[in-house]
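Here are a few notes to read alongside the structure, written for someone opening it for the first time. Have a look at the picture, then take the points in order.

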Amino acid sequence: MEERQFAASLAREAGVIEDIRRTAWELHERVGQTYDETRPYGFHLSMVADAAMHYGAPVVAGEDDVVPLLFGAWFHDSIEDARLTYNDVRRLASSFMTERQAHAAAEIVYALTNDKGRTRAERAGEHYYAGIRTTPYAPLVKLCDRFANMTYSFHRDNVSNSHMRDVYKAEWPHFLQAIDARPTADCRLLLPQALTEAVINLMAL
């Protein structure tokens, strides 16, 4: 989608997008989830959605996909961390969009939900990444999620974030390969080049 068309879609859907944002923030507040132990978790969710809005235009196939994409960005942790089921997410999404769109939105959230596992590697193994590579817009939202986490960690000096900087740098080559769906003719599975370059530039700081 052209940048101007994408921006026009965002402006046209601004009301429902704000309702989705507010609902996501409230959901994570109800379960007491925080980000870096000090911030409301919605702070992270909005960073992810902001990245999708800033970088997502080249991979969006049409105007009907804009709201599902942003729902997926704001609710990507809702099954994993906020105690929703897939059907909960689908029903909630349908209050903001058509049933077809709600299905697409719920699929993004489901694809980004970690598998069961004792370690970070087990929770994000090949089965997990295969689901991302085959779900429209899941590669984009996953990269936005990683970019948001890296942006935050790379600009903080505490021990936890210093550790995560090293983890993210070490994981980057495998992570990028794992979410890269190429070769594919489906633009919805692609990664925006500008976002990939933003991550690489961030690691160079």
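**Notes on the helix packing**

1. Start with helix α3 (residues 42–55) and helix α4 (residues 66–74), which pack at an angle of about 150 degrees with their axes 8 Å apart. Bear in mind that this is a predicted model. Angles over 145 degrees count as roughly antiparallel, and α3 and α4 therefore run roughly antiparallel to each other. Their crossing is right-handed.

2. Which residues bring α3 and α4 together? On the α3 side they are Leu45, Ser46, Val48, Ala49, Ala52 and Met53. They meet Leu70, Ala73 and Trp74 in α4. By type, the contact of α3 with α4 involves eight nonpolar residues, one polar residue and no charged ones.

3. Next, try helix α1, which spans residues 3–12. Phe6, Ser9 and Leu10 are its buried residues to look for. They cover an arc of only 100 degrees around the axis, so they sit on the same side of α1. Turn to the face pointing away from that buried side and you'll find the exposed residues Arg4 and Ala11.

4. What covers the buried residues of α1? The cover includes α2 (14–30), along with α3 and α4. So the pair from the opening point comes back here, because α3 and α4, roughly antiparallel to each other, are both part of that cover.

5. Now pick out Thr23, which lies in helix α2. Is Thr23 buried or exposed? Its relative accessibility is 18%, and the cut-off for buried is under 20%, so Thr23 counts as buried. Setting aside neighbours within four places in sequence, Thr23 is in contact with Phe75, Leu92 and Phe96.

6. That contact list leads to Leu92, which has its place in helix α6 (residues 86–94). Leu92 has a relative accessible area of 25%, which means that it is partly exposed. Beyond its neighbours within four places in sequence, Leu92 is in contact with Thr23, Phe71, Phe75 and Leu84. Phe75 turns up for Thr23 and for Leu92, and Phe71 belongs to the α4 stretch, residues 66–74.

7. One last thing to check on screen is how far Leu92 is from Pro183. The two are 91 residues apart along the chain, and their C-alpha atoms are separated by 33 Å.

Methods: Residues numbered from 1 in each chain as written. Predicted model: local features only at pLDDT ≥ 70, side-chain atom pairs only at ≥ 80, totals over all residues. Heavy atoms only, no water. Axes fitted to C-alpha atoms, helices over the stretch in contact; angles between N-to-C directions. Helix = DSSP H or I, 4+ residues; strand = E, 2+ residues; numbered from the N terminus. Parallel < 35°, antiparallel > 145°, perpendicular 65-115°, else oblique. Left-handed = near helix turned anticlockwise from the far one by under 90°. Contact = heavy atoms within 4.5 Å. Nonpolar A, V, L, I, M, F, W, Y, C, P; charged D, E, K, R; others polar. Buried < 20%, exposed > 50% of the residue type's maximum accessible area, 1.4 Å probe, protein only. Arc of directions from axis to C-beta.
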